[in-house]
Amino acid sequence: MSLFKSLETKPEPNKGPNSLTPSEHVKCLIIGSGPAGYTAAIYAARANLKPLLFKGIQPGGQLTTTTEVENFPGYPGGITGPKMMDDLEQQAARFGTDIRWGIATSVDFSKAPYKVVVDEKNVVEADTVIIATGATARYLGMESEDKYKGSGVSACATCDGFFYRGKDVAVVGGGDTACEEALYLAGMCNKVYLIVRKTFLRATKIMQQRVMDAPNIEVLFERNTKELRGNQVVEEAVLIKRMGQPDESEEVIRIDGFFLAIGHTPNSDIFAPYLETDETGYIRTVPGTPRTNVPGVFACGDVQDKVYRQAVTAAGSGCQAAIEAERYLAQK
Ligand code: NDP
């Protein structure tokens, strides 16, 4: 599910964004409040661009759903994701960023100044726009997954793990996120199954090792989830072992919680009519820069990065976006 509604959801029928009257004009509008958005805000504010930042639907971004961040430079003892995002917000505010609650619901990038509709009603006009809307967790798409969302199905172990203390749970995925979620849950649950569709984990070696060393994590390789069953809540998962192979078979595991960790979808829907994206929706930028195909509109963080996707790379690209915005304005 995207964080943003598509352009089809316009505030009023028969009226495009061009016919909307802007309620304010800013030099620099930042959409999104993850490491990319806040870093862009810190730099833009210090450059006196007086940035306005809208937090979006997941204030603080994906790091607010993670536990310990051990690989962000400058924190030798690690820091929790939510604490880091609080600190970044305070830092952005300290230099004068106007930080507000609000979700960008449509845009008009056909000509400068650009228009961004917030919460389907307020129109902000901006000389430069920095898109830092990140990416959203993916689901498998099973009917039963929908049925049990909030009753056993979650895409965030750190948000919902607490409810499964002492219970048996499953995590789907073989990447770093899946390993991280499995390890987090292993600290509080009785048993954690890690359901991996291939014969190997894609996660970094150190995460793989930690998973293998955890006594209460069982990795189930070559398994796909067919469906979840239960009365009011999830009680079991039906798995297909070695799907498509001659010896394909079904098995049932008894679980109370089912956590998805199978990657993310970039939150780029509302920009797609104006900005070039790749086949999976990531905004295309000029390599090595945050420049999009629209002058003055920049993209940073996970919405344009499907390779590195780290807090520190997102922060770095946020910095680049603010510097580019400053230079763009200076040249005008
Ligand atoms: P990834 O894309 O790396 O991994 C997704 C996993 O989900 C893969 O194992 C993939 O399987 C599996 N998957 C995808 N679709 C399905 C499906 N339909 N059914 C079953 N399994 C499926 O995403 P992550 O979120 O794990 O990581 C994203 C990036 O963020 C990575 O670069 C990662 O290194 C980084 N990261 C870093 C962290 C850290 O440094 N602390 C923490 C978390 C993430 P398959 O392998 O078969 O394609």
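**Exercise 1. Locate Arg242 and state what is notable about its backbone.**

Solution. Arg242 lies in the loop that links strand E15 (236-241) to strand E16 (249-254); helices (H or I, at least four residues) and strands (E, at least two) are DSSP runs, numbered from the N terminus. Next, consider the backbone: phi of Arg242 is near 50°, a positive value in a residue other than glycine.

The model is predicted, so local features need pLDDT of at least 70, side-chain atom pairs count only at pLDDT 80 or more, and totals for chains, interfaces and linings use all residues. Residues are numbered from 1 along each chain as its sequence is written, and side-chain values use heavy atoms, with hydrogens and water left out.

**Exercise 2. Determine the form of the peptide bond from Ala112 to Pro113, and place Pro113.**

Solution. The bond has omega near -5° and is cis. Pro113 belongs to the loop between strand E6 (104-108) and strand E7 (114-118).

**Exercise 3. Describe how helix H1 packs against helix H2.**

Solution. Step one is the geometry: the axes of H1 (residues 35-46) and H2 (residues 81-94) come within 8 Å and cross at roughly 25°. Axes are lines fitted to C-alpha atoms, for helices over the stretch in contact, and angles run from 0 to 180 degrees between N-to-C directions. H1 is therefore roughly parallel to H2 (angles under 35 degrees). Step two is the hand: H1 passes H2 in a left-handed crossing, with the near helix turned anticlockwise from the far one by less than a right angle. Step three is the contact (heavy atoms within 4.5 Å): Pro35, Tyr38, Thr39, Ala41 and Ile42 of H1 meet Met85, Leu88, Glu89, Gln91 and Ala92 of H2. By class, this contact has 7 nonpolar, 2 polar and 1 charged residues; Ala, Val, Leu, Ile, Met, Phe, Trp, Tyr, Cys and Pro count as nonpolar, Asp, Glu, Lys and Arg as charged, and the others, Gly among them, as polar.

**Exercise 4. Describe the packing of H1 and helix H7.**

Solution. H1 and H7 (residues 311-331) pack at an angle of about 35°, with their axes 7 Å apart. Their crossing is right-handed, which denotes a clockwise turn. From H1, the contact involves Pro35, Ala36, Thr39, Ala40, Tyr43 and Ala44; from H7, it involves Ala311, Ala314, Ala315, Gly318, Cys319, Ala322 and Ile323. The residues of this contact of H1 with H7 comprise 11 nonpolar, 2 polar and no charged.

Key:
Parallel < 35°, antiparallel > 145°, perpendicular 65-115°, else oblique.
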